[in-house]
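Hi,

Here is the structure I said I would pass on. Have a look at it first, and then read my notes below.

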Amino acid sequence: DAFGVTQDTTHNFALTTAGTEVHEKCTAVARNIEAALGAAVYTGIQAFVGKNFFDKLVTHANVKDAYKTWQGIAHLQGASPRKKFHFGGIDWTEYRGSVTGSAGTPVAFVGDDDGYAFPVGVPGLFKTYFAPANYVETVNTIGLPRYAKAERIKFDKGVEGEMQTNPISICERPKVLQKLVKA
């Protein structure tokens with residue numbers, strides 16, 4: 001909202017419908033990403049999806065055999081076959097990252113029934129900026145990646161240390177981010 005950008009593209013993968021051509025849905029995601037990138041090159045596409053999306057994807061009738069083959073190959077290579085899967089030109093990952101919300105309950109970064117796809121290997125696609133620390137001496141200064149301070153404890157009984165970082169990562173081309181829904 002702050003940058004005046006809206007989520008343009010949502011891909012309904014229709015994973016609850018047996019006849020869905022999942023590979024065609026993957027191709028549509030790739031084409032939308034390529035259109036948003038213009039002439040910029042990329043090395044692959046990554047999708048972070050919730051647990052329900054991932055489960056429906058790997059058990060879908062048009063994907064199931066490919067997933068079984070992938071599991072076998074991953075097992076032979078000593079990799080974890082459950083959480084990752086390459087299909088339709090996309091690296092699929094079941095993402096379960098969250099943060100504790102104000103009510104003390106976890107808030108997922110990716111919903112259980114949806115996900116996000118984005119290109120990888122695009123120079124400068126994501127940039128990280130740093131805000132200053134919350135110290136008096138850092139007011140109105142340019143943020144640094146890390147701040148560290150030490151303060152003597154009362155009566156010289158030790159030193160109390162603190163370290164902080166205040167990053168925000170931003171996609172410089174938000175139109176390449178593609179929302180995915182299980183539906």
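**The sheet and its helices**

This is a predicted model, and I started with the sheet: six strands form an open sheet with mixed pairing, in the order β1-β12-β7-β2-β4-β3. At the edges sit β1 (10-12) and β3 (84-87), each of which pairs on one side only. From one strand to the next, the twist averages 25 degrees.

If you want to check the pairing by eye, try β7 (114-120) against β12 (residues 178-181): the two run antiparallel and are joined by four bridges. For a place to begin, A117 has Q178 in β12 as its bridge partner.

Two helices are worth turning the view for. α1 packs on the sheet and touches β1, β2 (44-49), β3, β4 (90-94), β7 and β12. Its direction makes about 50 degrees with that of β7. Helix α2 (residues 51-59) lies across β2, β3, β4, β7 and β12, and runs at about 130 degrees to β4.

**A salt bridge to look at**

The count of salt bridges comes to five. One of them pairs D113 with K182, with the closest N and O atoms 3.3 Å apart. What I like here is where the partners come from: D113 is in the loop between β6 (106-108) and β7, while K182 is in the segment after β12. That puts them 69 residues apart, so the pair links distant parts of the chain.

**Pockets**

The largest pocket has a volume of about 540 Å³. It is lined by 18 residues, and Q7, Y116, F118, F126 and L177 are the closest to its centre. Both α1 (22-37) and β7 supply at least two residues each to this lining. So which classes make up the lining of the largest pocket? Eleven of its residues are nonpolar, five are polar and two are charged.

The second largest pocket comes in at about 170 Å³. Its lining consists of D1, A2, F3, G4, V5, I168, S169, I170, C171 and P174. By class, that gives seven nonpolar residues, two polar and one charged.

To pull the pieces together: β7 pairs with β12 in the sheet, is touched by both α1 and α2, and contributes to the lining of the largest pocket. If you only have a few minutes, I would begin with that strand.

Shout if anything is unclear.

Cheers

Notes: Residues are numbered from 1 along each chain as its sequence is written. This is a predicted model: local features need pLDDT of at least 70, side-chain atom pairs count only at pLDDT 80 or more; totals for chains, interfaces and linings use all residues. Side-chain values use heavy atoms; hydrogens and water are left out. On a 1 Å grid over the protein atoms alone, a cavity is a set of points where a 1.4 Å probe fits but cannot get out, and a pocket is an open set with protein on both sides within 12 Å along at least five of seven lines; lining residues have an atom within 4 Å of a point. Grid points are joined across faces, edges and corners, and a volume is the space filled by probe spheres set on the points. Ala, Val, Leu, Ile, Met, Phe, Trp, Tyr, Cys and Pro count as nonpolar, Asp, Glu, Lys and Arg as charged, and the others, Gly among them, as polar. Two strands pair if DSSP finds at least two bridges between them. Axes are lines fitted to C-alpha atoms, for helices over the stretch in contact, and angles run from 0 to 180 degrees between N-to-C directions. Contact means heavy atoms within 4.5 Å. A salt bridge is a side-chain nitrogen of Lys or Arg within 4 Å of a carboxyl oxygen of Asp or Glu.
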